[in-house]
Amino acid sequence: MKPIALDAMGGDHAPKVTVEGALLAQKQGIPVVLVGPTDVLKQELQNQSGDLPIVEAPEYITMQDHATDVRKKRRASINVCMELLKQGEASAVVAMGHTGATLASALFNLGRIRGVDRPTLLIELPSEKGRTYLADGGANVDCRPEWLVQFAVMATAYAQAQGVESPSVGLLSIGEEEEKGNDLTLQTFPLLKATPGIRFYGNVEGRDIFKGTTDIVVTDGYTGNVVLKLSEGEARTLFKWVREALSGGSLLTRLGALLVRPALQGLRARMDPAEYGAMPLLGVEGPVFIGHGSADGRAVLSAVRKAQSVVEAGLVERVRAGIARLAQ
């Protein structure tokens, strides 16, 4: 397997956390190449007593830059990562941080898979049955019905690459009945129902995401991103309330906190976005993964590990095959 190209300058805390995550991946036998300014990365590797291959990229995209700046900064680290992937010198790209810039760079350097109108960001959310895959997570704010069908097909390919043999697909709406929803969902429902290669369940509501009613939920990127940010914020607030409730009060309360601490740590790990690593950008000509800008080293490791697993499962080939069936 070719190394995974990591944009070592992406995210709020780069290059410290990206180098840290790459070194953790190295310990697990996952090959990673750092992309960014050589002098900066060598210094960070020295600080962390590590050694990894580096590919020089004199520029990088900051969180304040516009997504279209990838065209101005041709030798930005994210562009160099995409070039390595396109040339076959890397097996995947992992970038933490600027979603818009990573999407723009992937489209600019790799292009879309034939038949894909718009790539989609797929996010993973915890559910009662394990995980629920949601697309779109924010790549396309305004969508057309046929795009949601493509999202469903690509998300199905991803779920199968993750070991779900026959994933079910739900359409996010305000009610389970077919006649409920806005214009987008009303037009999308019959298209999904008639699409070969996917197991369409029907409409699902917001609560069904965490119940695990379906393996996959499709929606427009505006709604999907709201769901993502809401779930992350709710998880953080919930644990803050739990800590506050258990940290004060009587001696009995504090003793109880010590007893339930292991169970709460396990629950936190299950709900922690760092455990999910990064969102795959489905529909471009190569495996590309976008992580949180606030990622720590553990999240970077999770992203790299996720990239390795789906590359080995032939993700892009599965997406190509699914999209090709739509044209038949």
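Student: Which residue's side chain meets Glu83 in a salt bridge?

Tutor: Happy to start there, keeping in mind that this is a predicted model. A salt bridge needs a Lys or Arg side-chain nitrogen within 4 Å of a carboxyl oxygen. Glu83 has such a contact at 2.9 Å, N to O, and the partner is Arg75.

Student: Is Glu83 buried or exposed, or partly exposed?

Tutor: Buried means under 20% relative accessible area and exposed means over 50%. Arg75, the salt-bridge partner of Glu83, has 38% and counts as partly exposed. Glu83 has a relative accessible area of 22%, so the class for Glu83 is partly exposed.

Student: How many salt bridges are there by this rule?

Tutor: Side chains of opposite charge can pair when their charged atoms come close. The contact between Glu83 and Arg75 is one example, and Glu124, Arg131 and Lys306 are linked in a network of such bridges. By the rule used here, the count of salt bridges is nine.

Student: Which residue pairs with Lys72 in a salt bridge, and where do the two lie?

Tutor: Lys72 sits in helix α3 (residues 69-72), and the partner is three residues away, so about one helical turn separates them. The two side chains come to 3.6 Å, N to O. Lys72 is exposed at 66% relative accessible area, whereas the partner is buried at 13%. Within α3, that partner is Asp69.

Student: What is the N to O distance between Asp208 and Lys211?

Tutor: These two are three residues apart in helix α8 (residues 206-211), so they are about one helical turn from each other. Asp208 is buried at 5% relative accessibility, while Lys211 is partly exposed at 40%. Their side chains form a salt bridge, with an N to O distance of 3.9 Å.

Student: Let's turn to the strands. Which residue in β2 is the bridge partner of Leu6?

Tutor: Leu6 belongs to strand β1 (residues 4-7), where Ile4 and Leu6 on one side and Ala5 and Asp7 on the other are all buried. Strand β1 runs parallel to β2 (residues 32-36), and four bridges join them. In β2, the bridge partner of Leu6 is Leu34.

Student: What is the handedness of the β-α-β crossover from β1 to β2?

Tutor: The two strands are parallel and joined by four bridges. Between them the chain passes through helix α1 (residues 16-27), and the crossover is right-handed.

Student: Which residue in β4 stands opposite Leu6?

Tutor: Strand β1 is also joined to β4 (residues 92-96), again by four bridges and in parallel. In β4, Leu6 has a residue opposite, and that residue is Val94.

Student: How far apart in space are Pro37 and Met9, C-alpha to C-alpha?

Tutor: Pro37 lies in the loop between β2 and α2 (38-47), and at 8% relative accessible area Pro37 is buried. In sequence, Pro37 and Met9 are 28 residues apart. In space, their C-alpha to C-alpha distance is 8.4 Å.

Student: Now for the aromatic rings: how many aromatic pairs are there, and what is the geometry of Tyr133 and Tyr158?

Tutor: The count comes to two aromatic pairs. The rings of Tyr133 and Tyr158 have centres 5.6 Å apart and planes at 80°, so this pair counts as edge-to-face. Tyr133 lies in β6 (residues 130-135) and Tyr158 in α6 (residues 145-161), so the pair ties together parts 25 residues apart in sequence. Both tyrosines are buried, and their geometry is edge-to-face.

Student: What is the angle between the ring planes of Phe189 and Phe200?

Tutor: Their ring centres are 5.1 Å apart, and planes over 60 degrees apart count as edge-to-face. Phe189 in helix α7 (residues 183-193) and Phe200 in strand β8 (residues 199-204) are eleven residues apart. Phe189 and Phe200 are both buried. The pair is edge-to-face, with the planes at 75°.

Student: Which residues form a nonpolar patch on the surface together with Tyr222?

Tutor: Tyr222 lies in helix α9 (residues 221-247) and is exposed, with a relative accessible area of 54%. The patch has about 300 Å² of accessible area together, and the partners of Tyr222 in it are Val141 and Val226.

Terms used
Residues are numbered from 1 along each chain as its sequence is written. This is a predicted model: local features need pLDDT of at least 70, side-chain atom pairs count only at pLDDT 80 or more; totals for chains, interfaces and linings use all residues. Side-chain values use heavy atoms; hydrogens and water are left out. Buried means under 20% relative accessible area, exposed over 50%, partly exposed in between (1.4 Å probe, protein chains only). Two strands pair if DSSP finds at least two bridges between them. A crossover is right-handed if, with the strands pointing away from the viewer, the path from the first strand over the helix to the second runs clockwise. Rings of Phe, Tyr and Trp (its six-membered ring) pair if their centres lie within 6.5 Å; planes under 30 degrees apart count as stacked, over 60 as edge-to-face and the rest as tilted. Patches are made of residues with over 30% relative accessible area and no salt bridge: like charges are joined within 9 Å, nonpolar side chains (Val, Leu, Ile, Met, Phe, Trp, Tyr) within 5 Å. Accessible areas come from the Shrake-Rupley method with a 1.4 Å probe; for residues, only the protein chains shown count as cover.
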